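Biologist: I'm new to this one and would like a close look at a single part. Could you walk me through the main sheet and whatever packs around it?

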Amino acid sequence: MATVALAGGVGAARFLRGVVRAVPPADLTVISNTGDDRLFYGVHVSPDLDIVTYTLAGQIDRTKGYGLAGDGFRVVDALADLGHETWFRLGDRDLATALHRSVRLAEGVGLAEITDQVRRTFGLEVTILPMTEDPAPTYVELEGGRRAHFEEYLARDGAPDDVSGVDLSAARAARPAPGVIDAIAQADQVLVCPSNPVVSIGPILAVQGVREALERCRAPIVGVSPIIGGAPVKGPADRLLRGIGVEVSARGVAGHYAGLFDGFVIDERDAEQKAEVEALGLACRSTETLMRTPEIAEALAREVLALAEEIRARS
Ligand code: GDP
Ligand code: CA
């Protein structure tokens, strides 16, 4: 059974760690957000691609949720001594991944092929695809007409300000990476990870032809809420959702995705919103979605797959 997952970074990686325990990894294709990609120190960093790769390889720095466990920081420290801004603290081995990506890109190799080679090097059977090979940076619009690249807003500034809008125009102009549309067309089920709906899933859906491919595909599309009890587990999803006029709740996110999704899994703490989610036309289940352990992530993945199965059986 071919499974496609739409993924951002940390929330996605936690969930995918459970999915690969519930489906054969070789049957899973992850379509990853590249809206956060940016050059740092002259090298092409793909935060979400790398978070998913490192997490599935069991090499993620668990306390930070990004970067490699046990990595050193000699290069960024030396760059700081040389007068560089080093708010993006790339570890030494993490930098090697980005440097490798940059070298290959300069040689004319596509980002999809590079990503595939990296995941093989990390011993993964899961296929990981960037949403696009075109530059597709996400910008957030702040009060007073200021704009910032999403990583500048998040990693440099710590997401201190409310957001008045999100600029996905680069993603909208981007073509899907090789394999993306085919993977969706051939999917038996599409899972949407509990990632930031605005800046992680939003850019993927904005890439040319992706939303249409999802609308066309007959496979059930089932998501997981990144909002539990009216707040994100981590990160600025609350500011971003408010910035695009969506209520910060499981029900609000369900409404944002309604029309595209067939099913939505919400946290058991939000179980009272189930009827409202169903009223939006989505099949809904509530369960434990706070993925403190791989076992919880696996149980959640199985619940999502069971909901997909139920939707498939019905149609
Ligand atoms: P980023 O690209 O690293 O910001 O990561 P994502 O967009 O994939 O994930 C960020 C979202 O994941 C946030 O909105 C969090 O609320 C959500 N998230 C993180 N951990 C969990 C979890 O254990 N359960 C659920 N339901 N959501 C989570
Ligand atoms: Ca991200």
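Modeller: Here is a walk through the seven-stranded sheet, two helices that sit on it, and then a few other parts. Keep in mind that this is a predicted model.

Let's start with the sheet itself. It is an open sheet of seven strands, in the order 5-2-1-9-10-13-14, and the pairing is parallel. Which strands stand at the edges? They are strand 5 and strand 14 (283-287), and each has a single partner strand, so one side of each is left without a neighbour in the sheet. On average, neighbouring strands here are turned by 20° against each other, if you ignore direction.

Now zoom in on one pair. Strand 1 (residues 3-7) and strand 9 run in the parallel sense and are joined over four bridges. If you want a spot to click on, try Leu 6, which stands opposite Val 192 in strand 9.

Next come the helices on the sheet. Helix 9 packs on it and touches strand 1, strand 2 (28-32) and strand 9, and its direction makes about 120° with that of strand 1. Helix 12 packs on the sheet too, touching strand 9 and strand 13, and its direction makes about 165° with that of strand 13.

How do helix 9 and helix 12 sit relative to each other, then? Their axes come within 13 Å and cross at roughly 15°. That makes helix 9 roughly parallel to helix 12, and the crossing is a right-handed one. At the contact, Pro 197, Ile 201 and Leu 205 from helix 9 meet Val 253, His 256 and Tyr 257 from helix 12.

Helix 12 (residues 250-257) deserves a longer look. Its buried residues are Ala 250, Gly 252, Val 253, Ala 254 and Tyr 257. What covers them? The cover includes strand 9 (189-192), helix 9 (197-206), strand 11 (227-228), helix 11 (237-243), strand 13 (263-267) and helix 13 (274-279). Just after helix 12 you'll find Gly 259, which takes a positive phi of about 100°.

Just ahead of that helix, look at Val 246, in the loop between helix 11 and helix 12. Is Val 246 buried or exposed? It is buried, with a relative accessible area of 12%; the cut-off for buried is under 20%. Leaving out residues up to four places away in sequence, Val 246 touches Leu 241, Gly 252, Val 253 and His 256. Take the last of these: Val 246 and His 256 are 10 residues apart in sequence, while their C-alpha atoms are 6.9 Å apart in space.

Back to the edge of the sheet, at strand 5. Strand 5 (127-130) is among the elements that the buried residues of helix 5 pack against, together with helix 2 (47-56) and helix 4 (92-106). In helix 5 (residues 111-121), the buried residues are Leu 111, Ala 112, Ile 114, Thr 115, Val 118 and Arg 119. Looking down the axis of helix 5, you see them fall within an arc of 160°, so they line one face of the helix. There's a handy rule behind that kind of pattern: an α-helix has 3.6 residues a turn, so residues three or four places apart point the same way. The face of helix 5 turned away from the buried side carries the exposed residues Glu 113, Arg 120 and Thr 121. After helix 5 comes Gly 123, with a positive phi near 80°.

There is another sheet to point out. This one is open, has three strands in the order 7-6-8, and its pairing is antiparallel. Strand 7 (147-149) and strand 8 (163-167) stand at its edges with a single partner strand each, so one side of each is left without a neighbour in the sheet. Its neighbouring strands are turned by 25° against each other on average, direction ignored. Strand 6 (residues 139-142) and strand 8 run antiparallel and are joined by four bridges. In that pairing, Tyr 139 stands opposite Asp 167, and Val 140 has Val 166 as its bridge partner. Four of the five residues of strand 8 are buried, so that strand is largely enclosed by the rest of the structure.

Conventions:
Residues numbered from 1 in each chain as written. Chains lettered and ligands numbered in written order. Predicted model: local features only at pLDDT ≥ 70, side-chain atom pairs only at ≥ 80, totals over all residues. Heavy atoms only, no water. Pairing = 2+ DSSP bridges. Axes fitted to C-alpha atoms, helices over the stretch in contact; angles between N-to-C directions. Buried < 20%, exposed > 50% of the residue type's maximum accessible area, 1.4 Å probe, protein only. Arc of directions from axis to C-beta. Contact = heavy atoms within 4.5 Å. Parallel < 35°, antiparallel > 145°, perpendicular 65-115°, else oblique. Left-handed = near helix turned anticlockwise from the far one by under 90°.
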